[in-house]
Amino acid sequence: MAKIDSIIFGYRVISANSRELAKICSILLRAGISCEVKPDGRILMREKYFKSSVALLKDIQYTSSDVMGITGWIKRINNKAAVIIAIIISIIAALWTYNLVWDVRIDGNSEITDAAVIRIINENGFGVGNLWSKTNIDEIEKNILENCKAISWININRRGTVAYVTLLENDQKDGMDNTEKIKYANIVASNDCVIEEITVLRGKAAVKVGDTVKKGDLLISGVLPDEAGGGLCCAEGTVVGKISEEISVYVDREYTELTDKKEVICSVDLKIFNFCVNIFKKHRNLDAGCDIIKEINIFSLFGKRVLPFELHIDYAVNGNVSQSLYSDRELISVACDRLTSETARKLRDCDLISIRTYGDYTENGYSVSNKVVFTSEVGLCLPFELEK
Amino acid sequence: MNRTYKKTDKSNGLIKPPFYIEACRTAAGMSMVISGIIGVSDYCEENIELLSHGGRIIIVGKFIKLKLLELNSVEIVGKIIGVNFKYGKN
């Protein structure tokens, strides 16, 4: 393969039979002309050397190709003006599209979803489709912090055409503040469990891997040993334990239902560019327990571009309350749904090892349980004070 | 190795006749640069014969490529099996 400089500045391929090849190589060598000789007998030579080698090789039989590479291609183009215009248009298009925000990537959020963060950023005047040159990132960050209390810190970075948004939620900062106030503390077990893993950052371990502990047992002591200097500290560390638990749900066969539902409009708001205009509001005491439905209508042009106004309609749903009975199938379905959501809530930050589900009909309903074995962090910080 | 010897290169003074060889291993086998070459008497994919003032250098191998560099230097790249020398005047 030809080298990159030959491809850019142009090169020619000289072909000769094997007898002439050695002669050509000797002549070029003595003349100080650089070239590459291929095993199949072709010589690749830069275009700038070819002109001087033509005179040297006049007594030798050989064939040479046209100029190859980018230079050769440019020379062979018939309509050079069109190519130059196309190249200029491509460069302008590339520069213009480089100025657009093509993607927004979120990092650092745990409670707030990505969609919610993007909605918050859009409400503060930034999002996909904005021009980087007309965007004041510092002002947008400041507006987001002022308008959204759930975010305590936000940073928007530009890398190419992608905006990287890193944020810190308010809850994390609150957690950090609480830890700083505690002077001395032990870490105790929050559940009955078998210790799977223990990592001590500060303090002294009171248990080891494999030990069975009960709720409230000491795991990491805030009393430092003599070899570590003695004294008291706020114990810190991670203790992971294997917990066996039973999650149960009971559903009554009888339930209350809202029949003859009637939707009554409570209020209608029109939002134009984030400015809210209240068109209608029904002032009355809403019945306790009635359903409220919020409907948001977004308008778009030909289904492609979203227009900057929305219609918000609130409904109150009134009806008659009546007692009903679940059928067997409905009863099991409702019980299983509730058990699934309860189990998912319980095992949110845990690693599930095994799960066994069983259910049975009772006199007035249905009871279903999950026997779960899972690993989870079991350390609970328990502050203590010195007796005076 | 792919070194081009330029006229301003001061190390040129150290290269003494009849020839000078520098070689290193590469992905394609071996790269060998030989200086002090005055001609090529035979070239094919398996056999290259180079002429210097002090004799001939015969390089035997497989898939060998030849590159002509400036200042009477050549580079041979490929699976070099053997290098033989014949002494005499050229």
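The paragraphs below lead through a predicted model, beginning with chain A, moving on to its contact with chain B, and ending with a surface patch and some salt bridges.

Chain A is a good place to start, and its 388 residues, of which 32% count as buried, are arranged with nine helices and 20 strands. The accessible surface of this chain comes to about 25200 Å², and carbon and sulfur atoms account for 54% of that area. When contacts in chain A with a separation of 6 or more are considered, 64% of them join residues that are 24 or more positions apart.

From chain A we can turn to the place where it meets chain B. The size of an interface is often given as the accessible area lost when the parts come together. For chain B and chain A this buried area is about 1500 Å², with 57% of it given by carbon and sulfur atoms. On the side of chain B, the residues that lose the most area to chain A are B:Val40, B:Tyr43 and B:Leu68, which together make up 40% of what that side buries. Counted by residues, the contact takes 19 from chain B and 18 from chain A.

What kinds of polar pairing does the rule find across this interface? There are six residue pairs in polar contact, both residues of each pair being at pLDDT 80 or more, whereas the number of salt bridges found across the interface is zero. The side of chain B that touches chain A receives two or more residues from each of the strands β3 (37-43), β5 (55-69) and β6 (73-87) of chain B. Of the residues on that side, the largest share, seven residues, comes from β3(B).

Another feature to look for lies on the surface of chain A, where a nonpolar patch of about 820 Å² is made by A:Ile265, A:Ile272, A:Phe273, A:Phe275, A:Val277, A:Ile279, A:Phe280, A:Phe299 and A:Phe309. Two elements of chain A, β14 (254-272) and β15 (275-281), give two or more residues to this patch, and β15(A) gives the most, with four residues. A:Ile265, one of the residues of the patch, has its place in strand β14 of chain A, and A:Ile265 counts as partly exposed because its relative accessibility is 35%.

The last topic is salt bridges, of which the structure holds 13 over all chains. One of them joins A:Glu123 to A:Arg119, with the closest N and O atoms 2.9 Å apart. Both A:Glu123 and A:Arg119 lie in helix α6 (residues 114-123) of chain A, where they are four residues apart, which is about one turn of the helix. A:Glu123 counts as partly exposed, at 40% relative accessibility, and A:Arg119 also counts as partly exposed, at 48%.

A further salt bridge in chain A is formed by A:Lys208 with A:Asp211, whose closest N and O atoms are 3.4 Å apart. Here A:Lys208 counts as exposed because its relative accessibility is 55%, while A:Asp211, with a relative accessible area of 23%, is partly exposed.

In chain B, B:Glu49 forms a salt bridge with B:Arg56, and the closest N and O atoms are 2.5 Å apart. Is B:Glu49 buried or exposed? B:Glu49 has a relative accessible area of 16% and is therefore buried, since buried means under 20%. Its partner B:Arg56, by contrast, has a relative accessible area of 30% and is partly exposed.

Methods: Residues are numbered from 1 along each chain as its sequence is written. Chains are lettered from A and ligands numbered from 1 in the order in which they are written. This is a predicted model: local features need pLDDT of at least 70, side-chain atom pairs count only at pLDDT 80 or more; totals for chains, interfaces and linings use all residues. Side-chain values use heavy atoms; hydrogens and water are left out. Patches are made of residues with over 30% relative accessible area and no salt bridge: like charges are joined within 9 Å, nonpolar side chains (Val, Leu, Ile, Met, Phe, Trp, Tyr) within 5 Å. Accessible areas come from the Shrake-Rupley method with a 1.4 Å probe; for residues, only the protein chains shown count as cover. A salt bridge is a side-chain nitrogen of Lys or Arg within 4 Å of a carboxyl oxygen of Asp or Glu. Buried means under 20% relative accessible area, exposed over 50%, partly exposed in between (1.4 Å probe, protein chains only). Contact means heavy atoms within 4.5 Å. Buried area is the accessible area (1.4 Å probe) that two parts lose on being put together, summed over both. A polar contact is a pair of N or O atoms within 3.5 Å; within protein, one must be able to donate a hydrogen and the other to accept it, and residues adjacent in sequence count only if both atoms are side-chain atoms.
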